[in-house]
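Here are a few exercises to work through with a structure viewer open. Try each task yourself before reading the solution.

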Amino acid sequence: MALKRSIGLDGIRYKGGINMLSWRLHRWSGIGIVLFVGLHMLASLSTQVFGSSYLADTINSIYMSVYFQILVVFIIYFHALHGLRVILLDFWPRFLEYQKEITWAQWLIFIPLFGLTAFIMLLIHFSAG
Amino acid sequence: MSARPAPRIGFSLEYIMWIFIRISGLFMILFALIGIAGAFWMEARIYFQSGEFVDIGALARWAFFPISSHVSSLVPDAAAWSHAWWQIMQYLMLFFAVTHGVNGLRQVIEDYVGGTWLRIMLRGVLFLLWMFFLLVGWQLIQGNIIT
């Protein structure tokens, strides 16, 4: 099926508004998850099939760092919550009127959820010493 | 500023993927919640035996993908974490996650790469990538079964 909707790199230019920033973060976090999960799968496969190797061990040591894990939690929580917002607005378009409020509600859910997870992760990290 | 309209309802790749990306997103959130609930269910038994909880980082890894190697360094008995139920969850999660991710990349390519031979080539690469990561995940799941 041929698609004719290429908008070129002009589509990336910032046109204002919090929802463009949300959209941008959604796209970048999606690409980030693909990179993270893809490399993680390849490193695990390499370890599983060929035993430990320098490259796979380096990738895995990055992934075991608690700061990287907190970044991954941030990215995945954001992507999941923003995805829920997109689903809500797409399936019930009458909510489009309240886009901005829904964005704020999304962050109101996100901040305690992420903050608590990150806090407990750091707590465990530093108390295990 | 104009938003991209939703694809027309019909039997087309665009519409099917439009639906799929939303349904699979919901399903992956559901799977994560089931994974967390199951972890607490299994942890309760571990806790009464050893008095230790699995930490939240391991719980998050488990929620994102319920494979026993995500927790096996922390739990005393990993067999329960490799039960057939979790294996089915792993295969479903694998399919949803890889397809969701590859379709996301496809959206990016369709948006920014002009209608040239490059786009057609990238579509082919994405299709191969999709098959490849399904196979990689399949192998990882098979290699991590603890009985």
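The exercises below concern a predicted model, and each comes with a worked solution.

**Exercise 1. Describe the fold of chain B.**

Task: Find how many helices and strands chain B has, and in which pattern they follow along the sequence.

Solution:
- Start with the count: chain B has 4 helices and 0 strands.
- Next, walk along the sequence, and the pattern reads α-α-α-α.
- Then look at the contacts in chain B between residues at least 6 apart in sequence: 64% of them join residues at least 24 apart.
- Finally, turn to burial and surface. Of the 147 residues in chain B, 46% are buried. The chain exposes about 8200 Å², with carbon and sulfur atoms supplying 73% of that area.

**Exercise 2. Inspect a nonpolar surface patch.**

Task: Work out whether Leu30(B) is buried, partly exposed or exposed, and which residues form a nonpolar patch with Leu30(B).

Solution:
- Locate Leu30(B) in helix α1 of chain B, which spans residues 13–50.
- Now check its relative accessibility, which is 41%. Buried would need under 20% and exposed over 50%, so Leu30(B) counts as partly exposed.
- The patch partners are Ile23(B) and Phe27(B). Together the three residues offer about 230 Å² of accessible area.

**Exercise 3. Follow a salt bridge between chains.**

Task: The structure holds 5 salt bridges over all chains. Find which residue of chain A pairs with Arg22(B), and where the two partners lie.

Solution:
- The partner is Asp90(A), with an N to O distance of 2.4 Å.
- This pair crosses between chains: Asp90(A) belongs to helix α3 of chain A (residues 66–91), and Arg22(B) to helix α1 of chain B.
- Compare the two ends for burial. Asp90(A) is partly exposed at 30% relative accessible area, whereas Arg22(B) is buried at 11%.

**Exercise 4. Trace a salt-bridge network.**

Task: Start from Glu110(B) and find which residues are linked with it in a network of salt bridges.

Solution:
- One bridge runs from Glu110(B) to Arg119(B), where the closest N and O atoms are 3.7 Å apart.
- Another joins Glu110(B) to Arg123(B), at 2.8 Å from N to O. Arg123(B) sits in helix α4 (residues 117–143) and Glu110(B) in helix α3 (residues 84–112), so this pair ties together parts of chain B that are 13 residues apart in sequence.
- Put together, Glu110(B), Arg119(B) and Arg123(B) form the network.
- As a last step, check burial: Glu110(B) is buried at 1% relative accessibility, Arg119(B) is buried at 6%, and Arg123(B) is partly exposed at 28%.

Definitions and conventions: Residues numbered from 1 in each chain as written. Chains lettered and ligands numbered in written order. Predicted model: local features only at pLDDT ≥ 70, side-chain atom pairs only at ≥ 80, totals over all residues. Heavy atoms only, no water. Helix = DSSP H or I, 4+ residues; strand = E, 2+ residues; numbered from the N terminus. Buried < 20%, exposed > 50% of the residue type's maximum accessible area, 1.4 Å probe, protein only. Contact = heavy atoms within 4.5 Å. Areas by Shrake-Rupley, 256 points an atom, 1.4 Å probe, with all protein chains shown as cover. Patch = residues over 30% accessible without salt bridge, like charges linked within 9 Å, V, L, I, M, F, W, Y side chains within 5 Å. Salt bridge = Lys/Arg side-chain N within 4 Å of Asp/Glu carboxyl O.
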